[in-house]
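Please look over the sequence and the model below before reading on. The report that follows takes up a few places in turn.

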Amino acid sequence: LHQLIKSIALVGFLSAAHAGSASPVDITMTPTDDGQLAVKLRPSTDFDGLVSSLVFTIRWDASTDAHLGTIAQIAPASTYIPVSRSGQEQDANGERYQIFVGFGYTPLQWIPTNWVAGVEYTIMTIPVEGAAAFELVDDSWTGNNNADYYLALGGLDETGIIYSDITTGITEGTSAAGTLQVLPNPTDKLATISMKFKQPQDVDLELTNSAGQRVWQLQLSRVSGIIRQPLDLTPYDKGVYLLHVRTADQVMTERIVKR
């Protein structure tokens, strides 16, 4: 996984203007007031280039009934480093793991925005179902599965540390403003996108392929409650796609596999 990410990161480096160099970027995770997890990056120098790739893993006790919900991201992080799950939750040695990956194609300066040294930037939040203590980890399992924390800026390895070594102790909390699920996943042809919104929302749905190219888009106006939208993947090649669901105040992303 890291070798693939490094290769993609190098391509991003060659195509990004003024990517420059930067010092290591640290990562942490904190609980939010509404019972979610917030993953944050902390650069050690100012930076406005390409955040080209990211890997991190969340771990919790497999004996609990806890699971992670749907990723939510807001701008500008949703633009410069879209994050998705890498596979499903996996149990090993009494622990449960979820790997996350991100690939950036848009330099911060193009948005435009920038990082300031020492400032924490929230790149995603994710709700929790059930009760457990969650933590970001590099351990023997992540090492054996190429899932240690890794971050590249402009194609260069700038991996810092997992700081605070935080264990959240978070219990089930309030869901995000919207929820997202795609079933079946993986799928051969057809799937159903299920969304739930507490308040009326204008929603933009976008499906991108592994190269970041948009292959499908749909706009919905002032929808609320439970929404089910068919998705026909028949015309598309086998592989991994990302579904982005955007509202005025959040971006939810779901990884879809076409078999």
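Which residues does Phe-56 touch, not counting residues up to four places away in sequence? In this predicted model, Phe-56 touches Ile-27, Val-39, Val-83, Gln-98, Ile-99, Phe-100, Ile-123, Met-124, Leu-136, Ala-147 and Tyr-149. Phe-56 is also, together with Trp-115, Ile-123 and Phe-134, among the residues with the most contacts inside the largest nonpolar core, which has 33 residues. At least two residues of this core are supplied by each of strand S1 (25-31), strand S2 (36-43), strand S3 (51-61), helix H2 (77-80), strand S9 (121-129) and strand S11 (150-153). A second core, separate from that one, has 22 residues and includes Val-203, Leu-205, Leu-207 and Tyr-241. In soluble globular proteins, nonpolar side chains tend to be buried together.

The protein as a whole has three helices and 18 strands, and buried residues make up 50% of its 259 residues. Of the contacts with a separation of 6 or more, 72% are between residues 24 or more positions apart.

A charged residue deserves its own paragraph. Arg-85, found in strand S6 (residues 83-85), is buried yet has no salt bridge, and the nearest side chain of opposite charge, that of Glu-89, is 4.1 Å away. The side chain of Arg-85 does reach the backbone oxygen of Leu-68 at 2.8 Å, and it makes a polar contact with the side chain of Gln-98 at 3.0 Å. Leaving aside neighbours within four places in sequence, the contacts of Arg-85 include Thr-70, Phe-100, Ile-126 and Arg-255.

Some backbone angles are set out next.

| Place | Angle | Location |
|---|---|---|
| Ala-75 and Pro-76, cis peptide bond | omega about 5° | Pro-76 in the loop between strand S5 (71-73) and H2 |
| Ile-111 and Pro-112, cis peptide bond | omega about -5° | Pro-112 in the loop between strand S8 (95-103) and S9 |
| Asn-146, positive phi | phi near 55° | loop between helix H3 (140-144) and S11 |
| Arg-222, positive phi | phi about 50° | strand S16 (residues 214-232) |

Neither Asn-146 nor Arg-222 is a glycine. Asn-146 counts as partly exposed because its relative accessibility is 37%, whereas Arg-222, at 56%, counts as exposed.

Finally, the confidence of the prediction should be kept in mind. The protein averages a pLDDT of 83, and 86% of the residues score at least 70. Over residues 6-22, however, the pLDDT is below 50, although this stretch has 31 contacts in the model beyond near neighbours in sequence. Over residues 165-177 the pLDDT likewise stays under 50, and the model has 46 contacts for them beyond four places in sequence. Where pLDDT is low, the predicted coordinates should not be read in detail.

How values were computed: Residues numbered from 1 in each chain as written. Predicted model: local features only at pLDDT ≥ 70, side-chain atom pairs only at ≥ 80, totals over all residues. Heavy atoms only, no water. Helix = DSSP H or I, 4+ residues; strand = E, 2+ residues; numbered from the N terminus. Buried < 20%, exposed > 50% of the residue type's maximum accessible area, 1.4 Å probe, protein only. Lys, Arg positive; Asp, Glu negative; His and termini not counted. Salt bridge = Lys/Arg side-chain N within 4 Å of Asp/Glu carboxyl O. Polar contact = N/O pair within 3.5 Å; in protein donor to acceptor, adjacent residues only side chain to side chain. Contact = heavy atoms within 4.5 Å. Core = buried A, V, L, I, M, F, W, Y, C linked by side-chain atoms within 4.5 Å. pLDDT = per-residue confidence, 0-100.
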